[in-house]
Structure formats: C-alpha cells, structure tokens
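I opened this notebook to keep track of what I looked up in the structure. The entries go from the overall layout to single residues.

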Amino acid sequence: MGLRRKGREIVLQTLYSLDFDHESALTEREVDREMFEPILNNIFETNSIKPTSRIYPFCNELIVSVIENLQTIDNLIKTHLEHWNIDKLGVLDRNLLRLAIADILYQNTPPPIAIDEAVEIAKKFCCDKSSKLINGVLDHIAKDLPQQPHKTE
C-alpha cells in the first residue's frame, strides 16, 4: 500500500471519529485543530507511524481542507446525490466522499486517482454497495469540474 493511500485511510478514520464521536455531525459544529490533532495523533500511534513521518503533513492538510471547505464540499455532494440525502449516508461513506472531493479540489489530485483511491478505501472500510455509490457520485462531480492541470501522484 502506498504512503498516500495509508494517509487517506488515516484521514477517513479521523473524519469518521470527528463526525461520529462528537455528538453531532461535522456540519453542526466548528472543528479546530485542538479537536482533530489528538485523534490524528492517536491513529498514527495505533498504526505505529511516527508524527515525523512524511505522511503526517499530507494527512493534516487534507483534514484541514475538508474542515475549512465543508459547506462547499457538502453542497457538491448534495447536488450530485440522486434520490438520496447526505444525512442518510453512512458516516464512512459521507466522510470518504468529503475527503476525495477535498483531495481533488484542494490538494490538486487528478480526479481519476482520487476516485480510484476512494473506491479502494470504500471496499476496505465500507459496506458492499458503498464503492459503487462513491464511484458514481465522484464521477458525476468530476465531470462537472472545469478541466485543470493536476500534479501527478
């Protein structure tokens, strides 16, 4: 498994914890570094990854991108969900969509790479139907985005 894939998995776990463990969804309260850094550090420790690892800045930046742009990201998800409501999505599915969209929009990851990564992570962490949902929603979003040059992975 690549370092960035592991980072995305850690970001998903952190977002899941923020969304699930804090009595209200991320959209209902402001999240700051004091809330997510202990969670992130605990996940790093559990995975025997040192905070000095090269993956830490990637994880930190991606989490901040999601949190700072949550309303924009959630609006994109809402617009592209067909016959579904963002509040009815599973916590993992919702946060995997959020991190993939942030990865595309704010980390400048090419959509095909971000979509593939999200689908593979969904297969590992989510229910059987999640990977199809994730792929469909992200594919629709990617098609609506203006074409921009992206950095390579």
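**Entry 1: a working rule.** Before looking at any helix, I wrote down what I mean by buried: under 20% relative accessible area, with exposed being over 50% and partly exposed in between. I also noted that this is a predicted model.

**Entry 2: α2.** I asked which residues of α2 are buried. I found M35, F36, I39, L40, I43 and F44 on that list. They sit on the same side of α2, because they cover an arc of only 145° around the axis. That made me recall the general rule: an α-helix has 3.6 residues a turn, so residues three or four places apart point the same way. On the face turned away from the buried side of α2, I found the exposed residues E34 and E45. I also checked the span of α2: its 14 residues reach 19 Å from first C-alpha to last, close to the 20 Å expected at 1.5 Å a residue.

**Entry 3: the overall layout.** I stepped back to the whole protein and counted seven helices and zero strands. Along the sequence the pattern reads α-α-α-α-α-α-α. Of the 153 residues, 49% count as buried. I then looked at contacts between residues at least 6 apart in sequence, and 70% of these join residues at least 24 apart.

**Entry 4: the core.** How many residues does the largest nonpolar core have? I got 48, and the ones with the most contacts inside this core are L40, F44, I77, L96, L99 and L138. I noted that α1 (3-21), α2 (33-46), α3 (55-68), α4 (70-80), α5 (91-106), α6 (111-125) and α7 (130-144) each supply at least two residues of the core. The most comes from α3, which gives nine. L40 and F44 were already familiar to me from the buried list of α2.

**Entry 5: I77.** I picked one of the well-connected core residues and looked up its partners. With neighbours within four places in sequence left aside, I77 is in contact with I86, L89, R94, L97, R98, I101 and I141.

**Entry 6: α7.** I repeated the helix check here. α7 has 15 residues and reaches 21 Å from its first C-alpha to its last, close to the 21 Å expected at 1.5 Å a residue. Its buried residues are S130, S131, I134, V137, L138, I141 and A142. Seen down the axis of α7, these fall within an arc of 140°, so they line one face of the helix. The face turned away from that buried side carries K132, K143 and D144, which are exposed. What covers the buried residues? I found α4, α5 and α6 among the elements that do so for α7.

**Entry 7: α5 against α7.** I looked at how this pair packs. The two axes come within 10 Å and cross at roughly 35°, and α5 passes α7 in a right-handed crossing. From α5, the contact uses D93, L96, L97, A100 and I101. From α7, I listed S130, L133, I134, V137, L138 and I141.

**Entry 8: L92 and K78.** Is L92, in helix α5, buried or partly exposed? It counts as partly exposed, because its relative accessibility is 23%. Leaving aside neighbours within four places in sequence, I found L92 in contact with L12, Y16, F125 and C126. L92 and D19 are 73 residues apart in sequence, yet 9.2 Å apart in space, C-alpha to C-alpha. K78, in helix α4, is also partly exposed, at 47% relative accessibility. K78 and V137 are 59 residues apart in sequence and 9.6 Å apart in space, C-alpha to C-alpha.

**Entry 9: backbone check.** I kept in mind that most residues other than glycine have a negative phi. Which residues go against that here? One is S48, with a positive phi of about 55° although it is not a glycine. S48 sits in the loop between α2 and α3, just after α2, and counts as exposed at 68% relative accessibility. Another is N108, not a glycine either, with a positive phi of about 60°. N108 is in the loop between α5 and α6 and counts as partly exposed at 29%.

Notes: Residues numbered from 1 in each chain as written. Predicted model: local features only at pLDDT ≥ 70, side-chain atom pairs only at ≥ 80, totals over all residues. Heavy atoms only, no water. Core = buried A, V, L, I, M, F, W, Y, C linked by side-chain atoms within 4.5 Å. Buried < 20%, exposed > 50% of the residue type's maximum accessible area, 1.4 Å probe, protein only. Helix = DSSP H or I, 4+ residues; strand = E, 2+ residues; numbered from the N terminus. Contact = heavy atoms within 4.5 Å. Expected span 1.5 Å × (residues − 1). Arc of directions from axis to C-beta. Axes fitted to C-alpha atoms, helices over the stretch in contact; angles between N-to-C directions. Left-handed = near helix turned anticlockwise from the far one by under 90°.
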